[in-house]
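User: Could you take me through this model? I would like the overall picture and then some detail.

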Amino acid sequence: MSENVIIAMIGISTLLGATGLAALLWGVRTGQFDDQSKFIDAARYDNEEELRDAAMMEEKKKARKKKQEQKEAEEKKKNYMPAD
């Protein structure tokens, strides 16, 4: 093979490797791989009814948390006293 072909192959493979590494680092930084419960939930809730119940419980948790945050915000407004 010609030296030019080998140099081009090395350059292209290095560029592709750097692109793949950049994509991996981007995915890790943005949390693309943080769904750890996905496969656990798939095994734990193996039928549709249990999965629906689990999703409903998760929605209730979120609603309860939101309600608690609203309650805390109202308490802060209620207890607000301006500086003298």
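The exchange below covers confidence, secondary structure and surface.

User: What kind of model is this?
Analyst: This is a predicted model, in which local features need pLDDT of at least 70, side-chain atom pairs count only at pLDDT 80 or more, and totals for chains, interfaces and linings use all residues. Residues are numbered from 1 along each chain as its sequence is written, and side-chain values use heavy atoms, leaving out hydrogens and water.

User: How many helices and strands are there?
Analyst: The chain has three helices and zero strands, taken from DSSP runs (H or I, at least four residues, for helices; E, at least two, for strands; numbered from the N terminus).

User: Where is confidence lowest, and where highest?
Analyst: Mean pLDDT (the predictor's confidence in each residue, from 0 to 100) is lowest in helix H2, residues 37-44, at 68, and highest in helix H1, residues 3-29, at 96. The chain averages 86.

User: What span does H1 have?
Analyst: H1 reaches 39 Å from its first C-alpha to its last over 27 residues, close to the 39 Å expected at 1.5 Å a residue; the expected span is 1.5 Å times one less than the number of residues. Gly31, with a positive phi near 80 degrees, follows H1.

User: Changing topic, is Val28 buried or exposed?
Analyst: Val28, in helix H1, counts as exposed because its relative accessibility is 52%. Buried means under 20% relative accessible area, exposed over 50% and partly exposed in between (1.4 Å probe, protein chains only).

User: And how much of the chain is buried?
Analyst: Buried residues account for 2% of the 84 residues.
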